[in-house]
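Let's take a friendly walk through a protein structure together. Keep the sequence and the 3D view side by side as you read.

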Amino acid sequence: PSTVATGLVRFRVRNLRVAGDTLGAGESLDGHATIRYRLTEEFDVAVHALGVVREDLHQVVVTDFWVAADLRLVPNPVMALLSRVATVLGQTDASFVRRSEAARATLYDGTPLRIVVTSRTSGASDERDEPSVRTLEILDLTPTALDPARFRIPAGYERRPGDEFSWNH
């Protein structure tokens, strides 16, 4: 377990478990066949704030991805950010971040068209019987022709191998 202090608040994450699974064929979304993947993140966190200690909040976050392997879209940072909001307490721990990112990186290759995040926290005073469920989905994909001139590398720059979105000068 590690402890992270942020001003007047400290977080300690323990009992971390991160697992990725392939669930098989998903439904067709916007005309694209999908494969469904699942990332499960489970951990305990203790929060120390202004002398008050809240021990052992237990959180389980299950993120399901419907991925269209035939699409190669530019990664959407807003979808990536929103799909991680439920694990914000776990993200205070460097080990959690490393393990979660490693699992995500090896879980699938392609573009998620739907992401469903289901989270449950126990031990909290506001504990509910129902989990929190958030759905993110790309609803309409329309092919568009783009001017190739927009993608030419400027004079004096060269493309770095393996990096489609940045150049070295």
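Not counting residues up to four places away in sequence, which residues does Y108 touch? Find Y108 in the loop between helix 2 and strand 5. With those sequence neighbours set aside, Y108 touches Y37, F65 and V67. Another residue to locate from here is W66: Y108 and W66 are 42 residues apart in sequence, yet their C-alpha atoms are 9.8 Å apart in space. As you look, please keep in mind that this is a predicted model.

Now step back to the whole chain. The protein has 169 residues, and 30% of them are buried. Its secondary structure comes to 2 helices and 8 strands. Reading along the sequence, you meet them in the pattern β-β-β-β-α-α-β-β-β-β. Among the contacts with a separation of 6 or more, 63% join residues 24 or more positions apart.

Next, let's look at the nonpolar residues inside. In soluble globular proteins, nonpolar side chains tend to be buried together. Here, the largest nonpolar core has 21 residues, and those with the most contacts inside it are L39, F43, V45, F65 and I115. The elements that give two or more residues to this core are strand 2 (9-29), strand 3 (32-49), strand 4 (52-68), helix 2 and strand 5. Strand 3 supplies the largest share, with 5 residues. F65 is a good place to pause: leaving out residues up to four places away in sequence, its contacts include I35, Y37, L39, L107, Y108 and I115. F65 also touches R36, R104, P112 and R114. There is a second, separate core too, with 6 residues that include L29, W66, A68 and V116.

From the cores we can move to an open space. The largest pocket has a volume of about 570 Å³. Its lining has 21 residues, and the closest to the centre of the pocket are P75, Y108, G110, T111 and P112. So our starting residue, Y108, turns up again here. The elements that give two or more residues to this lining are helix 1 (77-82), helix 2 (94-107) and strand 5 (111-122). Sorted by class, the lining has 12 nonpolar, 4 polar and 5 charged residues.

Between the two helices there is another residue to visit. S83 sits in the loop between helix 1 and helix 2. Is S83 buried or exposed? S83 counts as buried because its relative accessibility is 3%, and the cut-off for buried is under 20%. A polar atom of the S83 side chain lies 2.9 Å from the backbone oxygen of A80. Leaving aside residues up to four places away in sequence, S83 touches T63, R104, I115, V117 and L136. Two of these names may be familiar: I115 is among the residues with the most contacts inside the largest core, and R104 is one of the residues that F65 touches.

Finally, turn to the backbone. N15, in strand 2, has a positive phi of about 50° although it is not a glycine. D30, in the loop between strand 2 and strand 3, likewise has a positive phi of about 50° without being a glycine. How accessible are they? N15 counts as exposed because its relative accessibility is 54%, while D30, at 36%, counts as partly exposed.

Terms used:
Residues numbered from 1 in each chain as written. Predicted model: local features only at pLDDT ≥ 70, side-chain atom pairs only at ≥ 80, totals over all residues. Heavy atoms only, no water. 1 Å grid on protein atoms, 1.4 Å probe; cavity = no way out; pocket = protein on both sides within 12 Å on 5 of 7 lines; lining within 4 Å. Points joined across faces, edges and corners; volume = space filled by probe spheres on them. Helix = DSSP H or I, 4+ residues; strand = E, 2+ residues; numbered from the N terminus. Nonpolar A, V, L, I, M, F, W, Y, C, P; charged D, E, K, R; others polar. Buried < 20%, exposed > 50% of the residue type's maximum accessible area, 1.4 Å probe, protein only. Polar contact = N/O pair within 3.5 Å; in protein donor to acceptor, adjacent residues only side chain to side chain. Contact = heavy atoms within 4.5 Å. Core = buried A, V, L, I, M, F, W, Y, C linked by side-chain atoms within 4.5 Å.
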